[in-house]
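Work through the exercises below with the model in view, and try each task before reading its solution.

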Amino acid sequence: MAESLASAAVEIVTNQATEYASPYLRYFFCYGQIVQDFKNRRKELKLRKQRVKIRVDEATRQNEVIYEDVQDWLRRAEQELEETQNLQDEIDRVKCFKWCPKWGWRYCLSKKLAEKTPIISKLLEDSNFPQVGYRGSLQGIEFITSTDFMDSESSKSAFNQILEAIKADNMIGLYGMPGVGKTTLAKEVGKHARDQKLFDKVVMFTMSQNPNIRTIQDKVAEMFGLNFQTNTKEGRAEELFRSMQGVNKILVIVDDLWEEFKLESIGIPFGDEHKGCKILLTTRQQQVCSKMKCQKEIQLGILSKDEAWVLFRDQAGLEDDCSILNEVAKEVADECKGLPLAIVTVAKALKGESLDGWKAANQRFKDSRHVDNEEVLGGVLKPLKLSYDYLKKSNNQMTGNDIQMCFLLCSLFLKMLKSLLSY
């Protein structure tokens with residue numbers, strides 16, 4: 001009985017000792033196998049990382065948003081490969097002592113490799129990604145490219161008023177003369193709102209005199225990553241309405257609004273339907289702001305005389321001096337009535353002209369007749385007409401008249417295209 005108990009006890013102790021000692025014995029006697037397993041796994045991880053990186057690069061070129069777990073895996077794989085490079089170097093150094101190995105060194109290295117190999121294996125198991133990214137919604141080209149924002153006193157004041165108004169008001173109206181810079185300022189507000197992450201989504205579209213609802217719906221839908229399932233304007237409006245309601249904070253910029261318009265017909269939710277959706281509209285007439293029930297109406301004024309001259313001089317490439325040419329140029333600049341669009345257009349058209357050319361342009365302005373729609377177009381029509389008259393030759397094959405005719409044909413084609421799209 002006693003012998004049986006003693007034998008059982010010895011067996012238990014022996015098994016436990018073997019179980020405890022076996023990993024350490026393995027570090028001594030299975031060094032070659034441990035090294036080979038490590039090298040195979042590490043090489044496999046290196047190749048797998050390259051393949052995942054190629055997929056990620058391709059997805060990035062396709063404007064896809066990379067999943068966070070894929071990015072995290074690439075970071076961990078890169079970190080593991082960097083950390084294990086030292087172990088790879090140690091393996092190569094141990095080879096130098098093949099006929100007289102340092103057993104303590106080999107034991108420590110074998111232990112490190114055995115501990116790292118499962119970590120690498122786990123990374124390989126986690127690398128089977130069906131997809132590495134997804135098609136994100138667009139951000140709006142208006143807010144990515146430069147807006148050529150004119151930092152005048154009037155624009156700075158309007159800019160600050162708008163930013164303050166969107167904190168509390170749902171509908172803000174920006175009005176001013178044609179060519180005063182309303183669109184440019186609205187783009188700058190949108191760019192600032194996006195860059196500062198004031199809203200989850202910023203979208204801008206142009207209404208114009210004859211808005212094409214389907215085109216506007218398509219543009220807004222692109223921004224929200226929405227694929228319409230219906231074809232009617234009403235059905236698309238409802239789909240867009242529901243999609244936008246799912247986004248917490250939205251800034252919608254409605255540019256060049258000519259008359260009162262129901263934004264719900266496009267699918268834009270605001271007010272009680274979506275308190276987080278703010279509307280900034282631009283228009284030429286203050287009464288449009290009133291009809292749209294804007295809680296805040298902001299006027300964008302023209303440039304001061306000094307601001308207008310600085311902009312005109314820079315765009316025309318003139319020196320800052322008191323020459324006779326500059327005196328004539330100042331008179332031409334005054335004819336632009338402080339409107340940035342007119343100033344830039346005329347200055348670029350006259351850039352490089354001689355003194356006689358500047359005098360002729362100045363006389364053209366003075367001889368210009370009053371036009372019937374001056375009230376609508378403000379002071380921008382005469383400068384635009386002058387820039388048209390000064391269209392330059394682009395090459396030896398085209399005369400100034402050829403370029404003007406091409407310009408008119410392009411304008412006619414665009415008008416016809418808009419008419420066709422409106423049906």
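## Exercise 1: the sheet

An open sheet of 5 strands, with parallel pairing, has the order S4-S5-S6-S3-S7. This is a predicted model, in which local features need pLDDT of at least 70 and side-chain atom pairs count only at pLDDT 80 or more, while totals for chains, interfaces and linings use all residues. Residues are numbered from 1 along each chain as its sequence is written, and side-chain values use heavy atoms, with hydrogens and water left out.

Task: find which strands form the edges of this sheet, and describe how strand S3 is joined to strand S6.

Solution. Begin with the terms: strands (E, at least two residues) and helices (H or I, at least four) are DSSP runs numbered from the N terminus, and two strands pair if DSSP finds at least two bridges between them. The edge strands, each of which pairs on one side only, are strand S4 (201-208) and strand S7 (296-299). From one strand to the next, the twist averages 15 degrees. Turning to the pair in the task, strand S3 (residues 171-175) and strand S6 (residues 277-283) run parallel and are joined by 5 bridges. Within this pair, Gly173 stands opposite Leu281 in S6.

## Exercise 2: three helix pairs

Task: state how H10 lies relative to H12, how H7 lies relative to H8, and how H5 lies relative to H6.

Solution. Two packed helices are described by the angle between their axes and the distance between the axes. Axes are lines fitted to C-alpha atoms, for helices over the stretch in contact, and angles run from 0 to 180 degrees between N-to-C directions. Angles under 35 degrees count as roughly parallel, over 145 as roughly antiparallel, 65 to 115 as roughly perpendicular and the rest as oblique.

Step one: helix H10 (residues 305-316) packs against helix H12 (residues 340-350) at an angle of about 30 degrees, with the axes 8 Å apart. H10 is therefore roughly parallel to H12. Where contact means heavy atoms within 4.5 Å, the residues of H10 that meet H12 include Leu311 and Phe312, and those on the H12 side include Ile343 and Val344. By class, this contact of H10 with H12 has 9 nonpolar, 1 polar and 1 charged residues, where Ala, Val, Leu, Ile, Met, Phe, Trp, Tyr, Cys and Pro count as nonpolar, Asp, Glu, Lys and Arg as charged, and the others, Gly among them, as polar.

Step two: helix H7 (residues 213-223) and helix H8 (residues 233-245) pack at about 25 degrees, with their axes 11 Å apart. H7 is therefore roughly parallel to H8. The contact of H7 with H8 has 6 nonpolar, 1 polar and 4 charged residues.

Step three: the axes of helix H5 (residues 153-165) and helix H6 (residues 182-195) cross at roughly 45 degrees and come within 10 Å. H5 is therefore oblique to H6. Among the residues that meet here are Phe159 and Ile162 in H5, and Leu185 and His192 in H6.

## Exercise 3: confidence

Task: decide which element has the lowest mean pLDDT and which the highest.

Solution. pLDDT is the predictor's confidence in each residue, from 0 to 100. Across the chain it averages 80, and 73% of the residues score at least 70. Among the elements, S3 has the highest mean pLDDT (96) and helix H14 (residues 374-377) the lowest (46). Over residues 415-423 pLDDT stays under 50, and the model has 2 contacts beyond four places in sequence for this stretch. Where pLDDT is low, the predicted coordinates should not be read in detail.
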